[in-house]
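Biologist: Could you walk me through this structure, one piece at a time? I am new to this, so please spell out the terms as we go.

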Amino acid sequence: MSPTLTDANATLRDPGDGLAVLESRGSIAETYGIPLAVLAELTHRCPLQCPYCSNPVELDRGGSELTTEEWKKVLTEIAEIGVLQIHFSGGEPTARKDLVELVQHASDVGLYSNLITSAVLLTKDRLSALADAGLCHVQISFQGNEPIVANRVAGLKQAHEKKIEVAKWTRELDLPLTVNAVMHRQNLFQLSDIIQMAVDLDADRLEVANVQYYGWALKNRAALMPTFEQIEETSRIVEEAEARLKGILAIDYVVPDYYALRPKKCMGGWGRQFFNISPAGKILPCHAAESITGLEFESVRSNHSIAWIWQNSEAFNRYRGTGWMPEPCRSCEFKEIDFGGCRCQAFALTGDAGNTDPACTLSPLHEKIFKLAEQESAADNNRFIYRNFAGGTLETEGDHGA
């Protein structure tokens with residue numbers, strides 16, 4: 001699950017405090033600044049088997065996860081360098097028994113905390129305990145607006161019903177709620193109803209997030225890829241809903257890269273606003289960065305501080321800024337707007353993370369990728385390949401297409 005960068009509380013400290021900490025350690029913070037937010041992937045364990053999962057194909061095992069004390073040390077350290085937001089994610093973060101303790105510590109050190117969850121493991125008492133510990137925001141992923149489609153996508157019976165229940169508890173506890181609707185060919189026909197579901201749940205925000213093809217999702221691309229006609233209709237529905245629900249529901253819309261004209265500003269640009277910490281403690285420029293072979297990522301368990309890793313590690317500096325860019329990116333007027341797009345996608349589609357993101361019309365592969373999307377979306381393939389926890393895969397045929 002991907003993070004939502006929520007607005008930080010006005011009561012948080014001046015981020016300039018963190019800049020001073022970085023500068024005092026001899027870094028070059030004035031060049032890159034400090035990260036706004038950190039995604040803490042507490043675990044890769046998850047009760048769901050979503051075919052669009054962006055986590056790595058090879059997951060971190062439970063025995064390699066950071067301990068409670070290691071995570072608390074991390075939270076203290078990132079607060080010291082001026083990070084404002086912590087997004088607790090996974091896998092499923094509620095699989096960690098120490099989650100309430102970690103949320104409390106985040107609150108104690110002044111971090112705005114967001115829980116990114118499938119919600120299926122939560123009880124009302126535990127959610128209440130999280131709220132009492134200082135949790136600031138809840139983001140729940142939904143796979144549809146009704147059980148038949150949603151539970152099939154999630155790979156778990158009664159998952160949708162539990163998500164609805166937890167969303168209601170969230171609002172009863174007066175916690176802000178984001179509905180994260182992961183959209184693809186097999187559920188886009190439900191979009192209008194999903195928007196209404198978000199309104200009915202009294203959500204503050206809705207993410208209409210078309211699947212991004214990294215990690216396990218790449219194995220299911222042919223079953224997930226929407227048609228171009230679906231995307232045109234999606235854009236129309238979102239535009240109408242944004243106008244109709246202004247002041248009621250904020251809607252974020254992520255267009256599928258394969259149909260885009262311009263690449264997205266991935267995570268605000270590589271190593272500019274954000275970093276991710278894996279369950280085993282690796283510090284990554286984005287949640288999919290480990291898919292790029294040949295990059296070595298520093299760990300919070302190393303002798304280096306997080307501030308040093310953010311500023312000086314080779315992995316963060318490899319694609320930072322614009323100096324690494326090839327043509328046509330180097331001469332592009334948008335190079336400091338999209339910062340070259342997504343490095344993980346460039347690697348997945350071209351074999352070289354330094355190439356132009358094929359989502360850009362200036363890429364020599366853009367037309368090929370667009371045609372690939374059209375071909376895969378037109379094929380009669382609704383079969384999902386799920387993970388299973390014995391290390392293999394499970395395939396199921398679906399009855400619900402576009």
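Modeller: Let me begin with a term: a residue is called buried when its relative accessible area is under 20%, exposed when that area is over 50%, and partly exposed in between. Please keep in mind that this is a predicted model.

Biologist: OK, so is Met267 buried, exposed or partly exposed?

Modeller: Met267 has a relative accessibility of 23%, and because this value falls between the two cut-offs, Met267 counts as partly exposed. Met267 sits in the loop that runs between strand E7 (250–254) and strand E8 (274–277).

Biologist: What about the phi of Met267?

Modeller: The phi of Met267 is near 50°, which is a positive value in a residue other than glycine. As background, most residues other than glycine have a negative phi.

Biologist: Which loop holds Gln158, and what is its phi?

Modeller: Gln158 is placed in the loop between helix H6 (147–154) and helix H7 (159–172), and its phi, near 65°, is again positive in a residue that is not glycine. Gln158 is exposed, because its relative accessible area is 60% and the cut-off for that class is over 50%.

Biologist: Switching to helices, which residues of H4 are buried?

Modeller: Helix H4 covers residues 99–108, and its buried residues are Leu99, Leu102, Val103, His105 and Ala106. When you look down the axis of H4, these buried residues fall within an arc of 160°, so they line one face of the helix.

Biologist: Why would residues with gaps between them in the sequence end up facing the same way?

Modeller: An α-helix has 3.6 residues a turn, so residues three or four places apart point the same way.

Biologist: And what do the buried residues of H4 pack against?

Modeller: They pack against two helices and two strands, namely helix H3 (68–80), helix H5 (124–132), strand E2 (85–89) and strand E3 (112–117). Just after H4 comes Gly110, which takes a positive phi of about 90°.

Biologist: Can we look at H3 from the other side, then: what does Thr76 touch?

Modeller: Thr76 lies in helix H3 and, if we leave aside its neighbours within four places in sequence, Thr76 is in contact with His105 and Val109. Thr76 and His105 are 29 residues apart along the chain, while their C-alpha atoms are separated by 8.1 Å. Thr76 itself counts as partly exposed, at 27% relative accessibility.

Biologist: New topic: where does UniProt put the "binding site" feature?

Modeller: The unreviewed UniProt entry places that feature at Cys46, Cys50 and Cys53. Cys50 is found in the loop between strand E1 (37–41) and H3, and Cys53 lies in the loop between E1 and H3 as well.

Biologist: Are Cys50 and Cys53 buried or exposed?

Modeller: Cys50 counts as buried at 13% relative accessibility, and Cys53 counts as buried at 18%.

Biologist: Then which residues does each of them touch?

Modeller: Not counting residues up to four places away in sequence, Cys50 touches Gln143, Val153, Ala154 and Trp216. On the same basis, Cys53 touches Tyr214, Gly215, Trp216, Ala217 and Arg387, so Trp216 appears in both lists.

Biologist: Last one: which peptide bonds are cis?

Modeller: One of them runs from Gly90 to Gly91, with omega near 10°, and Gly91 is in the loop between E2 and H4. The bond from Glu327 to Pro328 is cis too, with omega near 5°, and Pro328 lies in the loop between helix H12 (314–318) and helix H13 (335–338).

Technical notes:
Residues numbered from 1 in each chain as written. Predicted model: local features only at pLDDT ≥ 70, side-chain atom pairs only at ≥ 80, totals over all residues. Heavy atoms only, no water. Buried < 20%, exposed > 50% of the residue type's maximum accessible area, 1.4 Å probe, protein only. Helix = DSSP H or I, 4+ residues; strand = E, 2+ residues; numbered from the N terminus. Arc of directions from axis to C-beta. Contact = heavy atoms within 4.5 Å. UniProt positions renumbered as here; feature names shortened; annotations may be inferred.
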